[in-house]
Amino acid sequence: MHLSRFPRVRLVHGPTPLEPMPRLSAHLGGPTLYIKRDDCTGLASGGNKTRKLEFLIADALQQGADVVITQGATQSNHARQTAAAAAKHGLDCKLLLEKRVSDFGEDYEQSGNVMLDNLLGAEIVSRLPAGTDMQKAMEDFAQELRAAGRKPYVIPGGGSNAIGALGYVVCAQEMLGQSFDMGLRIDHVVHATGSTGTQAGLVTGLQASNSRIPVMGISVRAPKQAQEENVYRLVQATAKHLGMTHEIPRETVAANSDYVGAGYGLPTPEMVEAIRLTARLEGILLDPVYSGKGMAGLIGLIQQGHFGKNDNVVFVHTGGSVGLFGYRNTFA
């Protein structure tokens, strides 16, 4: 794939490490676990959205935008990384935050990602109730800005469209190159899936490379069928954007929604245990919304015998440890 034909700014400290987790592997009794450290992408504490923003910010600049608008939950990692990317390229940043989680107190409302949003110079335009049509809210706000003479660029939640998903097509290629250099046969890739861009990019990139590596997304929000359908729609859009001539089969998209718990951003005992285990055995910090539930899902699948004992499984760490500060009482 000729990815250099797409506009791109450089934000990622890449390639991010692909490293073994020997103590966690031993604790769980196999398979052999590796971690792709996309918490180390470098932009304002890093995270997976930085890869997507390389293409989204480039597109915004090419269109002559002077302000970017995006949305997310109160403790949105995407909002924080978008604020940082905008600051780095001289763009104003406006954030619409959705109250998907309520009654979590001052830590959740003001610390962690929210504190960094403000520090990075983003304006939190509004905090909207859960269930709001956030895309429409952004489009309405963009119209207001256009009427005032501004040139807004709207970035969807999670940076998840065909442009943003290119960041994880890049990651798929990067991971394959690293595995070749390491002499590592990757049998499975597992990660937390939410707004769909990370999974869609990985599936598209791995399929385009004919790697035959299956990707399992651990859903943090939607039921299995809905999540898979959302991911597959974006896979198709991303493949079309890339100019791929062959169709990617629907069965390449797999999601597991058994670890969502009571809902998006709401803690589960499995998530807390997964974060503690990974911290205490590997010195790696996960986050309570995405990678923590993703790791809980990986551990659960291992305990259910989903993988062979001799398989090599790569967990893609999507970042977000800044959000831990918003959940201080959960880990007290």
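Reader: Is Ala44 buried, partly exposed or exposed in this predicted model?
Author: Ala44 sits in the loop between β2 and α2 (49-62). Its relative accessibility is 25%. Buried means under 20% and exposed means over 50%. Ala44 therefore counts as partly exposed.

Reader: What is the phi of Ala44?
Author: Most residues other than glycine have a negative phi. Ala44 is not a glycine, yet its phi is positive. The value is about 50°.

Reader: Is Asn210 buried or exposed?
Author: Asn210 lies in the loop between α8 (197-208) and β8. Its phi is positive, about 55°, although Asn210 is not a glycine. Its relative accessibility is 55%, so Asn210 counts as exposed.

Reader: Which residue joins Gly14 through a cis peptide bond?
Author: Most peptide bonds are trans. The bond here has an omega of about -5°. The partner lies in the segment before β1. It is Pro15.

Reader: What is omega for the peptide bond from Gly30 to Pro31?
Author: Pro31 is placed in the loop between α1 (22-28) and β2 (32-37). The bond from Gly30 to Pro31 is cis. Its omega is near 0°.

Reader: Which strands stand at the edges of the open sheet?
Author: The sheet has 6 strands and mixed pairing. Their order is β1-β2-β10-β7-β8-β9. An edge strand here has a single partner, so one side is left without a neighbour in the sheet. The edge strands are β1 (18-20) and β9 (253-256).

Reader: By what angle are neighbouring strands of this sheet turned against each other on average?
Author: The sheet in question is the open one, running from β1 to β9 in its strand order. Direction is ignored for this angle. The average is 30°.

Reader: Which residue of β9 stands opposite Ile218?
Author: Strand β8 covers residues 215-219. β8 and β9 pair in the parallel sense over 4 bridges. Opposite Ile218 stands Asn256.

Reader: What angle does the direction of α9 make with that of β9?
Author: Helix α9 covers residues 224-242 and packs on the sheet. It touches β7 (188-193), β8 and β9. Its direction makes an angle with that of β9 of about 150°.

Reader: Within what arc do the buried residues of α6 fall?
Author: Helix α6 covers residues 134-147. Its buried residues are Met134, Ala137, Met138, Phe141, Ala142 and Leu145. Seen down the axis, they line one face of the helix, because they fall within an arc of 135°.

Reader: Which strands do the buried residues of α6 pack against?
Author: Phe141 and Leu145 are among the buried residues of α6. The buried residues of this helix pack against four strands: β3 (67-73), β4 (92-99), β5 (123-129) and β6 (152-154).

Reader: Which residue caps the N-terminal end of α6?
Author: The cap uses a side-chain oxygen. That oxygen lies 3.4 Å from the backbone nitrogen of Gln135. At the other end, α6 is followed by Gly149, with a positive phi near 90°. The capping residue is Asp133.

Reader: Which residue of β4 stands opposite Val68?
Author: β3 and β4 pair in the parallel sense over 7 bridges. In β4, 6 of the 8 residues are buried, so this strand is largely enclosed by the rest of the structure. Opposite Val68 stands Cys93.

Reader: How many of the 17 residues of α7 are buried?
Author: Helix α7 covers residues 166-182 and reaches 24 Å from its first C-alpha to its last. The buried residues include Tyr168, Glu174 and Gln178. The helix is largely enclosed by the rest of the structure, because the buried count is 12.

Reader: Which residue just after α7 takes a positive phi?
Author: α7 has 17 residues. The phi just after it is about 70°. The residue is Gly183.

Reader: What distance separates the C-alpha atoms of Gly292 and His191?
Author: Gly292 is in helix α11 (residues 291-303). At 0% relative accessibility, it counts as buried. Its contacts include Met271, Ala274 and Leu286. Gly292 and His191 are 101 residues apart along the chain, and their C-alpha atoms are separated by 9.9 Å.

Methods:
Residues are numbered from 1 along each chain as its sequence is written. This is a predicted model: local features need pLDDT of at least 70, side-chain atom pairs count only at pLDDT 80 or more; totals for chains, interfaces and linings use all residues. Side-chain values use heavy atoms; hydrogens and water are left out. Two strands pair if DSSP finds at least two bridges between them. Helices (H or I, at least four residues) and strands (E, at least two) are DSSP runs, numbered from the N terminus. Axes are lines fitted to C-alpha atoms, for helices over the stretch in contact, and angles run from 0 to 180 degrees between N-to-C directions. Contact means heavy atoms within 4.5 Å. The expected span of a helix is 1.5 Å times one less than its number of residues. Buried means under 20% relative accessible area, exposed over 50%, partly exposed in between (1.4 Å probe, protein chains only). The arc is that of the directions from the helix axis to the C-beta atoms. A polar contact is a pair of N or O atoms within 3.5 Å; within protein, one must be able to donate a hydrogen and the other to accept it, and residues adjacent in sequence count only if both atoms are side-chain atoms. Lists of a residue's contacts leave out its neighbours within four places in sequence.
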